[in-house]
Amino acid sequence: MAAAAKHLTPVVMELGGKCPVIVDSDINLQVATRRIIAGKWGCNNGQACISPDYIITMKDYAQKLIDSFKCELERFYGKNPLESKDLSRIVNSNHFARLSKLLDEDKVSSKIVHGGERDKENLKITPTILLDVPRDSLIMNEEIFGPLLPVFLVDKVEDSFDVINSGTKPLAAYLFTNKKKLKEKFVATVSAGGLVINDTTVHVIYY
C-alpha cells in the first residue's frame, strides 16, 4: 500500500488469516457440526476468506466431534464425495498442488482421520479432517483456503483463547457453547474481524 501511494495508485486489500472455531462440549453437536460443515465445505469447499480454518476442542471431546463430522459429511456429500455434484472443485492446479503439499508433510499425513482423497484431473479434494496436528506444521501456519480442517486439542476450553491470540489476528472467529460466561470471555478476549457464536459465516449477511 505504501508503494502504491507514491504513485496515487488505488489498491484493494483483502483481509485473510486462519479463522478458528472453538467447540465446547455443552452443545447440540449435530446442529453445530452441520453449521461448521455449511461454513467450511458449503462455502466453495473452504475457498472463502471467512471459512472455518481449524477447530479447537478439548482432548476428551474430540473423538465425539469427529464421529459427528463423519456422519454428517456423508449426509451432505454421500459415501464418495469425489463424485458429489455438491462439492466444489479447487480453483486451479496451483492451489491443488499447494493443498496437497500441506497434506503430504511428514508430520501431518499421519494425522488424517477422515477424507484425504484427491482427484488431480478434476481438481477435487474431499472434505478432510486432521486430528492433533502439530502447531509448527505448514497447515497450522498459513491460511488453508481449501477443504482441509485440522482439529487442535486443548485441556480445557478456556485455553482456546491463548491459542488464537498467540497467532495473527483472524478475519473471523467462531464459538459453539451454551455457557454465558464463556461467550462473554470470547467477545472480551478474542480480537478478530468478526465474531460469531453458535454459527459460522452468517455475519457477512448483515454487511
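Buried means under 20% relative accessible area, exposed means over 50%, and partly exposed lies in between. The exercises below apply this to a predicted model.

**Exercise 1. Classify phenylalanine 69 and find its aromatic partner.**

Step 1. Phenylalanine 69 has a relative accessible area of 0%. That is under 20%, so phenylalanine 69 is buried.

Step 2. A search of the whole structure finds three aromatic pairs. In one of them, phenylalanine 69 is paired with tryptophan 41. The ring centres are 6.1 Å apart and the planes meet at 85 degrees. Planes over 60 degrees apart count as edge-to-face, and this pair is edge-to-face.

Step 3. Tryptophan 41 is buried too, with a relative accessible area of 0%.

Step 4. Place both residues. Tryptophan 41 sits in the loop between helix H2 (29-40) and strand E2 (54-58), while phenylalanine 69 belongs to helix H3 (residues 62-77). The pair therefore ties together parts that are 28 residues apart in sequence.

**Exercise 2. Describe the geometry of the pair formed by phenylalanine 76 and tyrosine 77, then the burial of each residue.**

Step 1. The centres of phenylalanine 76 and tyrosine 77 lie 6.0 Å apart, with 45 degrees between the planes. An angle under 30 degrees would count as stacked and one over 60 as edge-to-face. This pair is tilted.

Step 2. Phenylalanine 76 has a relative accessible area of 32%, so it is partly exposed. Tyrosine 77 has 7%, so it is buried.

**Exercise 3. Check the length of helix H4 (residues 93-104) and work out how its sides are used.**

Step 1. Helix H4 has twelve residues. The expected span is 1.5 Å times one less than the number of residues, which gives 16 Å here. The end C-alpha atoms are 16 Å apart, in agreement.

Step 2. List the buried residues of H4: Phe96, Leu99, Ser100, Leu102 and Leu103. They cover an arc of only 155 degrees around the axis, so they lie on the same side of H4.

Step 3. Turn to the other side of H4. Asn94 and Lys101 are exposed there.

Step 4. Find the cover. The elements over the buried residues of H4 include helix H5 (106-109), strand E3 (112-114) and strand E7 (148-154).

Step 5. Inspect the N-terminal end. Asparagine 92 caps H4, with a side-chain oxygen 3.1 Å from the backbone nitrogen of asparagine 94.

**Exercise 4. Locate serine 191 and describe its surroundings.**

Step 1. Serine 191 is in the loop between helix H7 (180-189) and strand E9 (195-197).

Step 2. Its relative accessibility is 37%, so serine 191 counts as partly exposed.

Step 3. Leave out residues up to four places away in sequence. Serine 191 then touches Asn165, Lys169 and Pro170. The side chains of serine 191 and lysine 169 are joined by a polar contact of 3.2 Å.

Step 4. Compare sequence with space. Serine 191 and alanine 172 are 19 residues apart in sequence, and their C-alpha atoms are 8.9 Å apart.

**Exercise 5. Judge how compact the protein chain is.**

Step 1. The protein chain holds seven helices and nine strands. Its radius of gyration is 17 Å, close to the 17 Å that the globule rule gives for 207 residues, so the chain is as compact as a globular protein of that length.

Step 2. Along the principal axes, the C-alpha atoms fill a box of roughly 55 × 45 × 35 Å.

Step 3. Of the 207 residues, 46% count as buried.

Step 4. Consider contacts with a separation of 6 or more. Residues 24 or more positions apart account for 66% of them.

How values were computed. Residues are numbered from 1 along each chain as its sequence is written. This is a predicted model: local features need pLDDT of at least 70, side-chain atom pairs count only at pLDDT 80 or more; totals for chains, interfaces and linings use all residues. Side-chain values use heavy atoms; hydrogens and water are left out. Rings of Phe, Tyr and Trp (its six-membered ring) pair if their centres lie within 6.5 Å; planes under 30 degrees apart count as stacked, over 60 as edge-to-face and the rest as tilted. Helices (H or I, at least four residues) and strands (E, at least two) are DSSP runs, numbered from the N terminus. Buried means under 20% relative accessible area, exposed over 50%, partly exposed in between (1.4 Å probe, protein chains only). The arc is that of the directions from the helix axis to the C-beta atoms. Contact means heavy atoms within 4.5 Å. A polar contact is a pair of N or O atoms within 3.5 Å; within protein, one must be able to donate a hydrogen and the other to accept it, and residues adjacent in sequence count only if both atoms are side-chain atoms. The radius of gyration is taken over C-alpha atoms; the globule rule is 2.2 Å times the number of residues to the power 0.38.
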